[in-house]
Amino acid sequence: MSKRSEFLAGDRPDDVAFFLHEDAVENLDALDDYAEPVESGVVLVLPGENGRNAFQNAAGTDPMELAQAAMGTEGTIEPDLTGGTCPALEDDPESEHTTRVVFAFAEEQNDEVGGIYAEGDVVHAYAVCSCGQRYSQKWVVGER
């Protein structure tokens, strides 16, 4: 089982995962030793703080700032973290809408918080589109 599969199954709650589109990073080959290649880029799963630092260095965006900016706009992020559907696409279908980066972390089930968090582990994912739109989606592990 790959690190990404383990992350998406909720088995790596201390790690972060992120997707980098091939156009979002100058030297994608430099990540070969750490990344899982996917159709249009790479996915990395790394331990918490190291992963957040690696994301910031590669994407040029602080992951917590991304999360804060994106959480007010819901979009659709692929369940395998390799892209998404920009919510601005509906209003601006003529523009380019390619997911450049996705940053995700998982939060373990928390019955005290309730809601979606009482249903199981929750994946929080945040994306940046080529149009500049930032958006998010969260889901219970295993329900997508």
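Select glycine 60 in this predicted model. Glycine 60 comes after helix α2, and its phi is positive, near 70°.

**Helix α2**

Step back from glycine 60 and select residues 48-59, which make up helix α2. The helix has 12 residues, and at 1.5 Å a residue they should span 16 Å. Put a distance between the C-alpha atoms at its two ends: they are 16 Å apart, which agrees with that expectation.

Which residues of α2 are buried? Colour Gly48, Gly51 and Phe55, for these are the buried ones. They lie on the same side of α2, because the arc they cover around the axis is only 65°. Now turn to the other side of α2, where Asn50 and Asn57 are exposed.

To see what lies over the buried residues of α2, show β1, β3, α3 (63-70) and β6, which are among the elements covering them.

**The ring cluster**

Keep Phe55 on screen and add Phe18 and Phe103; ring pairs link these three into a cluster. The count of aromatic pairs in the model is 3.

Look at phenylalanine 18 with phenylalanine 55. Their ring centres are 5.3 Å apart and their planes stand at 75°; planes over 60 degrees apart count as edge-to-face, so this pair is edge-to-face. Phenylalanine 18 belongs to strand β1 and phenylalanine 55 to helix α2, so the pair links distant parts of the chain, 37 residues apart. Both residues, phenylalanine 18 and phenylalanine 55, are buried.

Next, look at phenylalanine 55 with phenylalanine 103. Here the centres are 5.0 Å apart and the planes are at 55°, so the pair is tilted. This pair also joins distant parts of the chain, with phenylalanine 55 in helix α2 and phenylalanine 103 in strand β6, 48 residues apart. Phenylalanine 55 and phenylalanine 103 are both buried.

**Strand β1**

From Phe18, extend the selection to the whole of β1, residues 15-21. Is this strand mostly covered or mostly open? It is mostly covered, with 7 of its 7 residues buried. In a regular strand, side chains alternate between the two faces of the sheet. Colour Asp15, Ala17, Phe19 and His21 for one side of β1, and Val16, Phe18 and Leu20 for the other: both faces are covered.

Now show the strands paired with β1. β3 runs antiparallel to β1 and is joined to it by 7 bridges. To find one place where they meet, select leucine 20, whose bridge partner in β3 is valine 42. β6 is also antiparallel to β1, with 5 bridges between the two. There, alanine 17 has alanine 104 of β6 as its bridge partner.

**The nonpolar cores**

Finish with the largest nonpolar core, which has 20 residues. Select Phe7, Ile77, Leu81, Val102 and Ala125, the residues with the most contacts inside it. At least two residues of this core come from each of β1, β3 (41-47), β6 (99-107), β7 (122-129) and β8 (134-140). Which strand gives the most to the core? That is β7, with 4 residues.

Centre the view on alanine 125. Leaving aside neighbours within four places in sequence, its contacts include Ile77, Leu81, Val102 and Phe103. Ala104, Tyr135, Ser136, Gln137 and Trp139 are also in contact with alanine 125.

Apart from this core lies another, of 19 residues. Select Phe18, Leu31, Phe103 and Val128, which are among its members.

Note on methods. Residues numbered from 1 in each chain as written. Predicted model: local features only at pLDDT ≥ 70, side-chain atom pairs only at ≥ 80, totals over all residues. Heavy atoms only, no water. Core = buried A, V, L, I, M, F, W, Y, C linked by side-chain atoms within 4.5 Å. Buried < 20%, exposed > 50% of the residue type's maximum accessible area, 1.4 Å probe, protein only. Contact = heavy atoms within 4.5 Å. Pairing = 2+ DSSP bridges. Expected span 1.5 Å × (residues − 1). Arc of directions from axis to C-beta. Phe/Tyr/Trp six-rings, centres within 6.5 Å; stacked < 30°, edge-to-face > 60°.
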